[in-house]
Structures are given as C-alpha cells and as structure tokens.
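Q: Please take a close look at a single strand in this model and describe how it is placed among its neighbours. A note on the cavities would also help.

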Amino acid sequence: MQKFHFGYGFVSGIFLLFMSFSFGIKAQNEEKEDLLDAAPARVLINNIYIIGNEKTKKNIILREIDLQTGIYYDWEELIQTIEADKKKIYNLQLFNSVEITPLLTGTEQIELLVAVTERWYIIPNVILNLADRNLAEWWTNQNRDLSRVNFGGRLIHNNVGGRNEKLRVGGQWGFVRSFEILYSKPYIDKNQKHGLAAQYTYFTQKTIPVRSDNNRQIFYRNENEEVLRRNSSAFLRYTYRGSYYNFHFVTLGYTNTRINEDVFTQNPNFFLHGDNRLNFFLMSYNFRHDNRDNIAYATEGQLLSMTLTRYGLLPSDDVNDVEFSMNANKYKRINSKFHIVSGLSFNYFFGQNQPYTLVRGIGYNPNFIRGYELNVIEGQQLVVHKNSLRYKLFDFGFDVSNVVPMDEFSYFPFKFYISANYDHGFVNDKNRLPENLRLTNRYLFGYGLGIDLVTLYDMVFRLEYSINNQNERALFFNIRAPF
C-alpha cells in the first residue's frame, strides 16, 4: 500500500466531513507476510502480550484469540490461526489496525505480540439523511423534496468502559421526528458467552406511505393534521456466543402504533382489525454464522443468518402471524485483485395479509435488485439472488499524522473496486393486487457495472449503472456494501 502526504487545508476539510457524518464501516484486508526467514517446525506459546489498547479491556481482545499459551502449534497452523485471529479482532470494529507477531525466544518457543490501534469511540453524530428508501427514490419519485430530509443529533459510544458495550442516544426532526436509546452489553458473564441489549424508539410522521401503485410507494399527508402516525417500540435481546463464529439471539419486543383515521380513506386495509391502534408483542430467534474477513466489506468468507419471528404472543394482540427470513452470502477471493460475492435472501410470511406497517418485498431493506431501486414489489414471499464480480482497481492511503495529531485519524485509506453485477429474484403476492401486477409474481433481474469506494472507518460508497428486464436504466448512488 502506497502512502502520500497532503497539506493541511485539504486534510482539514476531509477530516471535518468524516467527523460530522457516520456511515457503514469496512476493514483493511491485510496480506500475509513471511514472519521469519527460517521457522521451526513447531512452537510453544509462552505468553500473549497486547499493546495499544489504551481503553479496551484485555479480555475483550483475548476473547477473539484462538491461540493459547502452553500449547505446541505446527508453524503453518500457527500462521493460519494468526490470520484468522486478526480478522476476528478487527471485526470487533474497535480498531483501525491489528497486527499479531510471533517473537522467537527459544528453539521452539515464542511470545505472541498483539498490537492494535484504537478507533475514536465517542462520536457526536450529526443526523442528516433522507426519509426515503434510497437516494434514487428521493431524487426521481419524490422530486428532490427537501421537506423529506431528516436532521438531528446522536451520541454514539462504541466502547463503553472499554468492554465493547454500545450506547446510542439520539433525536431527530424533519420528515420523521424520533427519539431512540440503545444499550448493548455483549458479555454479562465471566466466560464471555452471554449478553443483553435493550432499545426504545419513539417516532411520529406527518406524511406516511399508505399503499403502493404500479410498484411505487404512495404517500399521504393531511394538511389539517399535525401527525398521522405515532409509533413506540421496546425490545430486549439476549445473545449467546458459544463459539467464535456462531451467534444466537432471542428478542422479546412490544410495538404500539396509532394512526389518524383519515389514513383509512386512502387504504381501508392499512390495519386489518378495524381499529386505528395496532398493539402486539413479538418474539424472534435468530441464528447467525459470520466468518467474513471484514463485516463491512467482505472479500472472503461466508455469512448465514436465519430468523423466525412470531407476531402476537397474547390473545389481545392485534397481529397473529409468523415470518421466516434467511440470508446466505459467500465471498470468494480468486487472487489479490479479483473476488466474487454471491448472496441469497429468502423471506416468507405464513399469513395471507399483513398490516401495511409489516409489508415486505423487494425494494425494502435489505432486499433489493439492482436496477429496481425506484420500485417496491410487495408480497408475502420473496427470493433474491445477488451476484458481483469485483476487481480491486486502486489501494492506497494518505498519512496525515503531521497535520492531524490523533492516532485514530492519522491515516486515510482508499480502496476502489470495479464491480460487474447481476441480481435476480421473485416476489409472490398471494392477493395478486391488480395495481401491482406489473412486477409481482414474475421473474425479475437487473445487471450493470459499478465502482465501490472503501475508506476511513470502513465507510463504503457505491456508484452503479444498472439496467433491469423492463429495459429501465439509471445511475444509482448508495451507501454501504450491497451484501
């Protein structure tokens, strides 16, 4: 990786931009190195030393290390395990860099040195985003309406007490007014296997989506009413991590939604039980196997996530349905320049009809087909298969330590990838609503080219030109990796 130096004016502008806005994050993939010219056939680890963790507790890092002291390892096995442990530590998303170096201290004995560079954990985050599903939806379907912009503030602490605990408190105004608070503690036990998280969210909307027509969202606003929708929800989540790559989540939640009765003039089936209040408890179980080299922008590994959710736990609940969803991604590196990504998503509601607030389909996060960013294809079942062949075009960085006296922001990495994309899928609408038959219950596909930028704190920006099988084509800008 090449390094360049920039002047103070340019760097200050970039620094302030990235301090003000937070997006998704992505890791630097580190190349294997020959650690010693002549390595012994096997080695014994005497001690593991950790440096650079000024705030993060040592046990949080040791939790990710499979290597143990007092055990002999074949040299090749040692190097492979070191690479795997580096990825696990980096995927904590607490560090800008991770290095693990074996130091030979005897004929077959080593000390293991783990060196980390910590990130900036407390982030005053300016909220400035669009209420719409994506930029293309706002730009084209909503005519670049500035009233649909959300603004506010959020305080994020990504490493409370140095224990990888997360705290997020925020409030926003604009198109959607909301308040949220979240606290997660990954480990509540000595063996670091059990965790808890709690979240509360409240929001109101003056303008709400009430239905879709011709596979486009239809929004409604009553000028005589200040608020059309109020929603409050609370969740408690238990986590269990029995092994390095397997996670189990059990979530208990409650949701209360109240809408203005005028909404029923636009969609009589917005709710299904004849009341303008929707109350229900839910419980879900999620299994997640995550063995990616980088959780923000992976180039190697695999991800499997399966979730079963029961809506309505009590006889008095206003919803009675079951949903199953699955996401399986495979990332395969061909060589140092090329890698392939393939992801399969599946979603299934067992019920015939759902309240509009629970409607799913292609176009709603995280299910999309490139080329159909302007559309919502709603139904009870869907399957989507996304594919990309990526080529690493550039990989360089800027050392700004001479003008930014903070280790957390002293280096700006830039990686550019060119991608060739092909996505396809299908949405089954059991009700076969005539106003949306153009795209429901039929095979859909989209393809095109894109360029991805991966930079500071794993932020990902995508620019893609896509064509769908309706022969519609457009240039789309997105944030975060597609899968």
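A: What follows describes one strand with its pairing partners, and then the cavities.

The model is predicted. The strand chosen is strand 24, which spans residues 460-468. Of its 9 residues, 7 are buried, with buried taken as under 20% relative accessible area. Strand 24 is therefore largely enclosed by the rest of the structure.

Strand 24 pairs with strand 23, residues 444-454, in the antiparallel sense, and 9 bridges link the two. In this pairing, Tyr 465 of strand 24 has Leu 449 opposite. Strands 23 and 24 make up a hairpin, with 5 residues between them. The turn of this hairpin contains Tyr 457, whose phi is positive at about 55 degrees.

Strand 24 is also joined to strand 25, residues 473-479, by 7 bridges, and these two strands again run antiparallel. Here Glu 464 has Phe 476 of strand 25 as its bridge partner. This pair forms a hairpin as well, with 4 residues between the strands. Asn 471 lies in that turn and has a positive phi of about 65 degrees.

As for the cavities, the structure holds 2 of 30 Å³ or more. The second largest has a volume of about 40 Å³. Its lining consists of Leu 182, Ala 197, Ala 198, Gln 199, Phe 235, Leu 236 and Arg 237. Strand 10 (194-205) and strand 13 (229-240) are the elements that each give two or more residues to this lining. By class, the lining residues of the second largest cavity are 5 nonpolar, 1 polar and 1 charged.

Technical notes
Residues numbered from 1 in each chain as written. Predicted model: local features only at pLDDT ≥ 70, side-chain atom pairs only at ≥ 80, totals over all residues. Heavy atoms only, no water. 1 Å grid on protein atoms, 1.4 Å probe; cavity = no way out; pocket = protein on both sides within 12 Å on 5 of 7 lines; lining within 4 Å. Points joined across faces, edges and corners; volume = space filled by probe spheres on them. Nonpolar A, V, L, I, M, F, W, Y, C, P; charged D, E, K, R; others polar. Buried < 20%, exposed > 50% of the residue type's maximum accessible area, 1.4 Å probe, protein only. Pairing = 2+ DSSP bridges.
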